[in-house]
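Open the model in your viewer and keep the selection tool at hand. The tour below goes stop by stop.

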Amino acid sequence: EPPETEGVASKTRLDLDYRERHEFVQGAAKAAEVIVSAGRAEGACEDKFAINPEDGIFAVFDGASGLKSLSNVGEGNTGGSLAAQLCAKVFTEQSDGTIRERLGEASRYINELFNENVPSSTDVADRFCTTAGIVRLNEGTIELACIADTPIIVIKEDGSWEMPIPNIDHDKESLQMLQELMKNENLTHAQAMSDPRMKEQLLAK
């Protein structure tokens, strides 16, 4: 289930009519497609976005794969890409329920997919997941939700900006340990990532 401290939607007043909401979502989707297409051109891409103009939804998801590779999931797919695809599908095709409820449903789909492909694993490091940044434009309000490191930035008419949901650097300690292992013990990136101390740090987050 989505953690209580993240994915909590915040609402702000916003005066947009139906046409303006529809145009905003479509415009955001075009910009996202450019970014995601660039990622695909460079190789494996675990990014996905979703639009639901009728419901005022625009969302982006950045999948993260576990340590164990999946089989029978289609060429080019990873656990992270599938997690992002499942979330995007929920927010594209469904208009019922709150953002939190839809995230909960997507989370259950991801868990089912994991159990089907890695049924014997009890190691949480094998699990795959996705971050989320979701914007929902309602009548007179804008609803925002973030999970992990996919922050939302609101740019105002005067050019100033703010993060309505504080961004937390989830990877700071892990990246510091990775750099220390590579520097102090002369390990390669792959060796440092497979080091038991690194795994312990990742699981402690």
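**Start at Phe91**

Select Phe91 in this predicted model. Leaving aside residues up to four places away in sequence, Phe91 touches Ala50, Asn52, Ile57, Phe61, Ile99, Arg102, Leu103 and Ile134.

**The aromatic pairs**

How many aromatic pairs does a search of the whole structure find? The search finds three. Begin with Phe49 and Phe58, a tilted pair. Their centres are 6.5 Å apart, with 40° between the planes. Phe49 and Phe58 are both buried.

Now add Phe61 to Phe91. These two form a tilted aromatic pair as well, 5.9 Å centre to centre and with 40° between the planes. Colour by element next: Phe61 sits in strand E3 (residues 57-64), and Phe91 in helix H2 (residues 79-93). The pair links distant parts of the chain, 30 residues apart. Phe61 and Phe91 are both buried.

**The largest nonpolar core**

Keep Phe61 and Phe91 selected. Add Ile99, Leu103, Phe128, Ala132 and Ile134. Of the 23 residues in the largest nonpolar core, these seven touch the most other members.

Which elements give two or more residues to this core? They are E3, H2, helix H3 (99-117), strand E5 (132-137) and strand E6 (141-147). H2 provides the largest share, seven residues.

**A second core**

Finish with Val135, Leu144, Ile152 and Ile165. They are among the seven residues of a second, separate core. In soluble globular proteins, nonpolar side chains tend to be buried together.

Key:
Residues are numbered from 1 along each chain as its sequence is written. This is a predicted model: local features need pLDDT of at least 70, side-chain atom pairs count only at pLDDT 80 or more; totals for chains, interfaces and linings use all residues. Side-chain values use heavy atoms; hydrogens and water are left out. Rings of Phe, Tyr and Trp (its six-membered ring) pair if their centres lie within 6.5 Å; planes under 30 degrees apart count as stacked, over 60 as edge-to-face and the rest as tilted. Buried means under 20% relative accessible area, exposed over 50%, partly exposed in between (1.4 Å probe, protein chains only). Helices (H or I, at least four residues) and strands (E, at least two) are DSSP runs, numbered from the N terminus. A nonpolar core is a set of buried Ala, Val, Leu, Ile, Met, Phe, Trp, Tyr and Cys residues joined through side-chain atoms within 4.5 Å. Contact means heavy atoms within 4.5 Å.
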